[in-house]
Number of protein chains: 2
Amino acid sequence: MILTVTANPALDVTYRVATLVPHGTHRVSAVAERAGGKGLNVARVLHALGEPVLATGLLGGATGARVGELLAGGPPASFVPIAGETRRTVAVADDGDATGFWEPGPAVSAGEWAAFVSHFRSLAEAADVVVLSGSLPPGAPVDGYATLITLAGSTPAIVDTSGASLRHALAAGPDIVKPNAAELAALLAPAGSPVRDAQAARRLGAEAVVVSHGPGGLVAATASGCWRSRPPYAVAGNPTGAGDACVAALARGLAAGTPWPDRLRDAVALSAAAVAAPVAGDVDLDLYERIRPDVTTEEL
Amino acid sequence: MILTVTANPALDVTYRVATLVPHGTHRVSAVAERAGGKGLNVARVLHALGEPVLATGLLGGATGARVGELLAGGPPASFVPIAGETRRTVAVADDGDATGFWEPGPAVSAGEWAAFVSHFRSLAEAADVVVLSGSLPPGAPVDGYATLITLAGSTPAIVDTSGASLRHALAAGPDIVKPNAAELAALLAPAGSPVRDAQAARRLGAEAVVVSHGPGGLVAATASGCWRSRPPYAVAGNPTGAGDACVAALARGLAAGTPWPDRLRDAVALSAAAVAAPVAGDVDLDLYERIRPDVTTEEL
């Protein structure tokens, strides 16, 4: 079983309006709600692939209850309750594009964080891989992911976060970190080439670093070598959630002990399949099967 | 006790952002939530005045539960549960002004509406006045307010709604209807003068019609005469909720049997006090006391 952590989930709300007019009043013609958060996207992709998965994290208030309701029928979930209100994100889609409004996350108390850490520890014992995705909520310690990696013990860990949280997590020796190019650039002074940057990040403590470059594919620095894996063509669609699909593939490959070149091919194909699906956390399984044989992987 | 009905309440959410940029992504710096809906504003104003009041209506889902939580500490409330999700309104406030997004209301089933009507009937027996405010939710019959007015029997009713719902309500003979000038113009072909229009609306079935004209005050057509009541000066502030404060004053005056000129003076003063308060449903009680003696009322 793969355990995904979403420490700062959200109720993702999408409003459909004709045209967004600043300082106007808009009747929303359609409302869509979805349980949001990177770890939940990873769990949904794994669930769609038939991979055993369990989603955990922290949920609170009426918004948290709604997120829990929306998870019904999806991947199994076991979240820890908090007193604060789980945040919402509101995306207003008009004929042009989407306009986003992101609420800050709820403040988590020291006692709530401790309860979550204890819950995580018991779930991680039964897991083959743990996946730590996204931001930590206000009030959680900045080295929260480092603590979870340490507590996971012999269960391998994948981390997809950024900033100080990523820096702390690297020092705890995770098996894989998956920054995107911008997150990597914010972490260290760029060395000039994608593979050198991945190697430099790896020296901060991870067993392997996989950097996502959007339609340019993945660059991986591992103990057994460095690779670049690319899709055969750019897939049109919604790139939100592509990184989460990549992490889902890496988690599955890590659990199965798949060799790195195959693991990366799978991650590139599944990322492309996420771009082709309209909603983050969904994947186009037909495209995934079609594109996978044509993904190219070269050793660097 | 004054019973206020909010058939289509909302969770009013306000987001603070620096500047709204269409198709951009905004981190929300502050989130404010409030139990919204015209009937709830009326109940809050009456509660602030120390007037016995009870708020009823329909609430559902996680958003309805949140509205219920937010009512704690305010006026007493007794809402009927529905399966649908109570709607939200999102107002994005930037340095310029606010941009509003209004969700459609939840669909109410025939059984849910019947349960509400039954609940209303029992509460109305104990009420001195019933106040019916705002829109009806999808699924409620267009003559829903007319039914409630009839069921209230000898308990007098005030109606503040618009369109077809207002037209049906008028035919059921409410004691007072309170359209604004635009709602009145949508109801009938304007006769050319505010008092003639109020009289024309009264002939559609109401015992009295009070038309609100914003900073221009109120025009009333009643069985005992017609009046115009005006504030001594225009009050700067937020006009949202001023109509609800007006209705609160009219309900209190109707319950107490206050003569029309005094009732209108009170309604103009309380409307001005609502404009001076930053949030809909709040009133500036100091301004209310200060401005009340200077409100002018002339018989037309």
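Start by selecting Val211(B) and Val219(B): Val219(B), in strand β13(B), is the bridge partner of Val211(B). As you click around, keep in mind that this is a predicted model.

**Stop 1: a hairpin in chain B**

Now widen your selection to the two strands around that pair. Strand β13 covers residues 218-222 of chain B, and β12(B) pairs with β13(B) in the antiparallel sense over 4 bridges. Follow the chain through the hairpin, where 5 residues sit between the strands. Pause at Gly214(B), which takes a positive phi near 60 degrees.

**Stop 2: along β12(B)**

Select residues 208-212 of chain B, which make up strand β12. How many of its residues are buried? The count is 5 of 5, so to speak a mostly covered strand. Show the side chains next. Ala208(B), Val210(B) and Ser212(B) point one way, while Val209(B) and Val211(B) point the other way.

Then add residues 176-177 of chain B, strand β11, which pairs with β12(B) in the parallel sense over 2 bridges. Which residue of β12(B) is the bridge partner of Val177(B)? Pick Val209(B) to see the answer.

**Stop 3: the cores**

Next, select Phe101(A), Leu250(A), Phe101(B) and Leu250(B). These are the residues with the most contacts inside the largest nonpolar core, which has 106 residues. Another core, of 42 residues, lies apart from it; among its members are Ala7(B), Phe120(B), Ala124(B) and Ala127(B).

Zoom in on Leu250(A). Leaving aside neighbours within four places in sequence, what is Leu250(A) in contact with? Look for Ile158(A), Ile176(A), Lys178(A), Val210(A), Trp260(A), Arg263(A), Leu264(A) and Ala267(A).

**Stop 4: a sheet with strands from A and B**

Switch to a cartoon view and find the open sheet of 5 strands, in the order β4(A)-β2(A)-β7(A)-β8(A)-β3(B), with mixed pairing. Which strands are at the edges? They are β4 (30-36) of chain A and β3 (25-27) of chain B, each pairing on one side only. From one strand to the next, the twist averages 15 degrees.

Select residues 10-16 of chain A to highlight strand β2, which pairs with β4(A) in the antiparallel sense over 7 bridges. Within this pairing, Thr14(A) has Ala32(A) of β4(A) as its bridge partner.

Finish with residues 61-71 of chain A, helix α2. This helix lies across β2, β4 and β7 (87-93) of chain A, and runs at about 90 degrees to β4(A).

Notes:
Residues numbered from 1 in each chain as written. Chains lettered and ligands numbered in written order. Predicted model: local features only at pLDDT ≥ 70, side-chain atom pairs only at ≥ 80, totals over all residues. Heavy atoms only, no water. Buried < 20%, exposed > 50% of the residue type's maximum accessible area, 1.4 Å probe, protein only. Pairing = 2+ DSSP bridges. Core = buried A, V, L, I, M, F, W, Y, C linked by side-chain atoms within 4.5 Å. Contact = heavy atoms within 4.5 Å. Axes fitted to C-alpha atoms, helices over the stretch in contact; angles between N-to-C directions.
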